[in-house]
Amino acid sequence: MYRVAIDYEKDIYVASSIGKKVAEELGFDKIQQTKLVVSIMELARNIIYYATKGEIFITPVPAYGIEILAIDQGPGIKEIEKVLKSQIRSKKGLGLGLSGVQRLMDEFEITSSENVGTRIRAVKWLNERQGNYHL
């Protein structure tokens with residue numbers, strides 16, 4: 001498992017570079033690598049813009065995929081369902097938002113509490129036909 005503290009904008013690129021390296025090592029194709037990297041960048045940017053700081057954990061799971069866990073202690077997300085349906089949009093991120101991450105990844109879970117923070121778990125399967133399996 002790799003842990004990247006997300007405190008500065010440069011940390012976004014550190015996390016995405018580690019994600020790409022892990023994806024290459026596990027045998028992800030270029031399309032899967034790109035989906036993973038874009039998702040990590042969006043999650044890390046959200047931490048910087050909304051929570052100021054947090055962490056990204058990148059866990060390779062051989063023969064299954066890569067789990068990304070983004071955790072912050074920010075203000076939380078008040079209307080998660082609207083955010084995930086792109087009914088509430090931000091001008092700060094890459095333009096994909098959390099709904100984009102949800103579409104790019106194969107598994108996606110989010111929990112958020114006001115004034116406590118947000119936790120997002122996303123998984124990219126090595127084989128896109130694997131089905132849902134919790135790590």
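Two strands count as paired here if DSSP finds at least two bridges between them. In this predicted model, strand β1 (residues 2-6) and strand β2 (residues 54-61) clear that bar with five bridges, and they run antiparallel. Within this pairing, I6 sits opposite G54 in β2. On to the next pairing: β2 is also joined to strand β3 (residues 65-72), this time through eight bridges, and again the arrangement is antiparallel. Here F57 faces L69 of β3 across the pair. The link between β2 and β3 is a hairpin with three residues between the strands, and A63 in that turn has a positive phi of about 70 degrees.

Stepping back to the whole chain, the secondary structure adds up to four helices and five strands. Followed along the sequence, these elements come in the order β-α-α-β-β-α-α-β-β. Of the 135 residues in the chain, 43% are buried. Contacts reach a long way along the sequence, too: among those with a separation of 6 or more, 63% are between residues 24 or more positions apart. As for the outside, the chain exposes about 7,400 Å², and carbon and sulfur atoms supply 53% of that area.

Now for the interior. The largest nonpolar core holds 29 residues, and the ones with the most contacts inside it are I6, L43, I56, I66, I68 and F108. Helix α2 (residues 30-51) gives this core its largest share, eight residues. I6, the residue opposite G54, thus turns up again on the list of best-connected core members.

I56 deserves a closer look. This residue belongs to strand β2, and its relative accessible area is 0%; because anything under 20% counts as buried, I56 falls in that class. Leaving aside residues up to four places away in sequence, I56 touches Y2, R3, V4 and I6, along with I40, L43, A44 and I47, and also I68, L69 and A70. Among these neighbours, I6, L43 and I68 are, like I56, listed with the most contacts inside the core. L69, another residue touched by I56, is the one that stands opposite F57. I56 also comes within 7.1 Å of A15, C-alpha to C-alpha, although 41 residues separate the two in sequence.

How values were computed:
Residues are numbered from 1 along each chain as its sequence is written. This is a predicted model: local features need pLDDT of at least 70, side-chain atom pairs count only at pLDDT 80 or more; totals for chains, interfaces and linings use all residues. Side-chain values use heavy atoms; hydrogens and water are left out. Helices (H or I, at least four residues) and strands (E, at least two) are DSSP runs, numbered from the N terminus. A nonpolar core is a set of buried Ala, Val, Leu, Ile, Met, Phe, Trp, Tyr and Cys residues joined through side-chain atoms within 4.5 Å. Buried means under 20% relative accessible area, exposed over 50%, partly exposed in between (1.4 Å probe, protein chains only). Contact means heavy atoms within 4.5 Å. Accessible areas come from the Shrake-Rupley method with a 1.4 Å probe; for residues, only the protein chains shown count as cover.
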